[in-house]
Amino acid sequence: MEGITDKMHAKPILIFLLANSISLHGQEYKITLWSFPIVAVKMNFESPGKIAFKTESIGIMDYIWPHDNSYITHYDTTNFGLRHFSKKIKQGSFKQKLSCDFNHDDSTLIYDSKTVHVLDSVQTIFTLLARITVDSLEYIDTKWFPMDHEGCSYRGRFLWSDTVTIKAMDKDILCDHFRLDLIPNEDNECLLEKSDYFMKNIVAENTVRQLWVEKNNNKRIIKASAKVSGLTLEAIIQDE
């Protein structure tokens, strides 16, 4: 049972990593575990600076760990700074809603009645993965970015590893391979006592996050993997 629980906790990380490929159109991904499809992802860029996507359990996962989660992020299109974030979580018996807005007057994020002081260019896990599909390799490689994670203070960076060919959609796609590091700051204080599995585990200390980004003007995230609690999961884009 413990092994199954670890797998369930690790799975949402891949949902996110694959759901953040920038495109002018909506994209769909399917996450599999032991070759079984377990999650359907629908992602849309409804307007410049807005990411909206939904994850829904399917197959056997819908019986043993049902969930229906949605996340929306608004960001500044020049520096990817967070401007609004909201989520609606329904996973098993756990339900949660959260939202925040950026206040330009004093450079704070307002979570209900609580405020967090941040930089104007503060990132989130969502904006970091959005910008890797836009920024050049030369600019983004090894660069640290300030990051807010539901009121927690982090910093994140991408480390380029190599350029490889990934098989996806019956094609060979040349990709840049990155590792994503997320490190809590020493003054890290978090607002939430409990969060959904994805938001909790994506920043877990021992999580290893990797992405393969298409090396052309599309710059879609073609493949993602996450190693959590000794389990490595990976998923590959399913559609054009």
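How many salt bridges does the structure hold? In this predicted model, the count comes to 11. Side chains of opposite charge can pair when their charged atoms come close. Three of these pairs are worth walking through one by one.

Take K54 and D68 to begin with. They form a salt bridge in which the closest N and O atoms are 3.7 Å apart. This pair links distant parts of the chain, since K54 belongs to strand 3 (residues 50–57) and D68 to strand 4 (residues 68–75), with their positions 14 residues apart in the sequence. How much of each partner is open to the outside? K54 has a relative accessible area of 36%, so it counts as partly exposed. D68 is partly exposed as well, at 31% relative accessibility.

Next come D120 and R83, whose side chains meet in a salt bridge with an N to O distance of 3.0 Å. D120 sits in the loop between strand 8 (114–117) and helix 3 (125–131), while R83 is part of strand 5 (residues 82–91), so this bridge ties together parts that are 37 residues apart in sequence. The surroundings of the two partners can be put side by side: D120 is partly exposed, with a relative accessible area of 34%, whereas R83 counts as buried, at 15% relative accessibility.

Strand 5 also supplies a partner for another bridge, this time through K87. K87 pairs with D196, and the closest N and O atoms lie 2.5 Å apart. Because K87 lies in strand 5 and D196 in the loop between strand 11 (171–184) and helix 5 (197–201), the pair ties together parts that are 109 residues apart in sequence. Here both ends are tucked away: K87 counts as buried at 4% relative accessibility, and D196 counts as buried at 0%. Some bridges share partners, too, and in this way D76, R83 and D120 are joined into one network.

R83 has something else going on besides its bridge. R83 lies over the face of F102, at 4.4 Å from the ring centre. A similar kind of arrangement turns up with a lysine: the charged end of K223 sits over the ring of W212, 4.6 Å from the centre of that ring.

That leads to the rings themselves. A pair of aromatic rings is described by the distance of the centres and the angle of the planes. The structure has nine aromatic pairs. One of them joins F126 and F198, an edge-to-face pair with 6.2 Å from centre to centre and 65° between the planes. F126 comes from helix 3 and F198 from helix 5, so the pair ties together parts that are 72 residues apart in sequence. F126 is buried, with a relative accessible area of 1%, and F198 is buried too, at 3%. Both rings belong to a bigger picture: ring pairs link F53, Y71, F85, F126 and F198 into a cluster.

What about the loops? D135 is found in the loop between helix 3 and helix 4 (137–140). Being in a loop does not put D135 out in the open here, because its relative accessible area is 12% and it counts as buried. The side chain of D135 makes a polar contact with the side chain of R131, at 2.6 Å. If neighbours within four places in sequence are left aside, D135 is in contact with F80, I140 and K219.

Two more loop residues stand out for their backbone angles. Most residues other than glycine have a negative phi, and most peptide bonds are trans. E150 has a phi near 55°, a positive value in a residue other than glycine. D170 is another such case, with a phi near 65°. Where do E150 and D170 sit? E150 is in the loop between strand 9 (145–149) and strand 10 (152–168), and D170 is in the loop between strand 10 and strand 11. Is each one buried or exposed? E150 is buried, with a relative accessible area of 6%, whereas D170 is exposed, with a relative accessible area of 74%.

Terms used. Residues numbered from 1 in each chain as written. Predicted model: local features only at pLDDT ≥ 70, side-chain atom pairs only at ≥ 80, totals over all residues. Heavy atoms only, no water. Salt bridge = Lys/Arg side-chain N within 4 Å of Asp/Glu carboxyl O. Helix = DSSP H or I, 4+ residues; strand = E, 2+ residues; numbered from the N terminus. Buried < 20%, exposed > 50% of the residue type's maximum accessible area, 1.4 Å probe, protein only. Phe/Tyr/Trp six-rings, centres within 6.5 Å; stacked < 30°, edge-to-face > 60°. Lys NZ or Arg CZ within 6 Å of the ring centre and 35° of its normal. Polar contact = N/O pair within 3.5 Å; in protein donor to acceptor, adjacent residues only side chain to side chain. Contact = heavy atoms within 4.5 Å.
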